[in-house]
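Student: I have a structure open and want to test some labels on it. Can we go through them together?

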Amino acid sequence: MNFPRKQKEKQPVLAICYDFDKTLSPDDMQAQGFIQSLGCRIQEFWDASNRLAMENEMDSNLAYMLKMVQKAKEQHLEFSRRSLEECGACVKLFNGVESWFERIRAYGKEQGVIVEHYIVSSGLKEMIEGTKMAKENAFEKIYASSFYFDENGEALWPAQVINYTSKTQFLFRIEKGVLDINDNGVNEFFPPEKLRVPFRNMVYIGDSDTDVPCMKLVNTYGGHSIGVYDPETGNKGKVQKMLHDQRIKYYAPADYTDGSMLDDLVKAIIRKTAAYEVLEDVHFENLAETNNMSKQY
């Protein structure tokens, strides 16, 4: 099967990858109406989910997805793509999030950089797809846990489960432009000059330990990792620890408004990308010329 792939652009591409819960939204998406609709207290639901995972040596994300289905059936509630998208539409977002994606994309264009936004989350794809910005095509791709639905739109089985370690595969997909999750071309060798989004041109924005593998990967290869914290609570403990442990390069409040600390930081990264890629182009041109001359002797 031939899968569509993104090709290397003439201009540099900067991929900004986001966790969702507590990165773009102040709380877990499931805890903003869905769990309450099941007649459960939030902590009660997560405790039951974690217990299910522990007792059955089960992936914790599979456990919470199963609990969602079970509890919905117990309450005779519709559990469908439509109902999940409706819940997603009600998810609270940090200040500035809804206008952020287009604003940053426009700034990149001014600087000669193509900015693409990606979600890499253990949350639910269907809920994320229900948000206003997703419906406005803010994201190049949403990588998140998801359900398989029958012909009536009812959830039957997990289609995709993403945990903190499996998140990293999607960064390699973005790097190579091999975005379809069933495209095994992600394992093919790409010479450095053919990589669509080298890791140095990636930004990963997250909030906690579950983002560490992605942050560490991006850091190792010259990219930019940013830890964010809730500006209302002002609790910097997690991000300060991540900075101390060299998991992230920067941290900032999760304030996505124009002129915020996070806004200034990402714009600085865009400017750096524009300047650095000019030097990289010269390097590869020199290298190609040298190799051609070597063949003549």
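**Labels and their rules**

Tutor: Start with strand β3 (residues 141-149) and β4, which pair in the antiparallel sense over four bridges. This is a predicted model: local features need pLDDT of at least 70, side-chain atom pairs count only at pLDDT 80 or more, and totals for chains, interfaces and linings use all residues. Residues are numbered from 1 along each chain as its sequence is written, and side-chain values use heavy atoms, with hydrogens and water left out.

Student: What makes β3 and β4 a pair?

Tutor: Two strands pair if DSSP finds at least two bridges between them. Here there are four bridges, so the rule is met. Phe147, for example, has Pro158 in β4 as its bridge partner. The strands themselves are DSSP runs (E, at least two residues; helices are H or I, at least four), numbered from the N terminus. Five residues separate β3 and β4 in their hairpin, and Gly153 in the turn has a positive phi of about 85 degrees.

Student: Why is Trp157 called exposed?

Tutor: Exposed means over 50% relative accessible area, buried under 20%, partly exposed in between (1.4 Å probe, protein chains only). Trp157 has 62%, so it counts as exposed. Trp157 is found in strand β4 (residues 155-160).

Student: What is notable about phi in His76?

Tutor: Most residues other than glycine have a negative phi. His76 is not a glycine, yet its phi is positive, about 55 degrees. His76 lies in the loop between α3 (60-74) and α4 (81-89). At 74% relative accessible area, His76 is exposed.

Student: How do you know that Glu188 and Arg5 form a salt bridge?

Tutor: A salt bridge needs a side-chain nitrogen of Lys or Arg within 4 Å of a carboxyl oxygen of Asp or Glu. For Glu188 and Arg5, the N to O distance is 3.5 Å, so the pair qualifies. Glu188 lies in the loop between α8 (168-176) and β5 (202-206), and Arg5 in the segment before β1 (13-18), so the bridge ties together parts 183 residues apart in sequence.

Student: Are Glu188 and Arg5 buried, exposed or partly exposed?

Tutor: Glu188 is partly exposed at 39%. Arg5 is partly exposed too, at 34%.

Student: Why are Lys267 and Asp263 called buried?

Tutor: Lys267 has a relative accessible area of 15%, so it is buried. Asp263 has 0%, so it is buried. Salt bridges that share partners join Arg103, Asp258, Asp263 and Lys267 into one network. Between Lys267 and Asp263, the closest N and O atoms are 3.0 Å apart.
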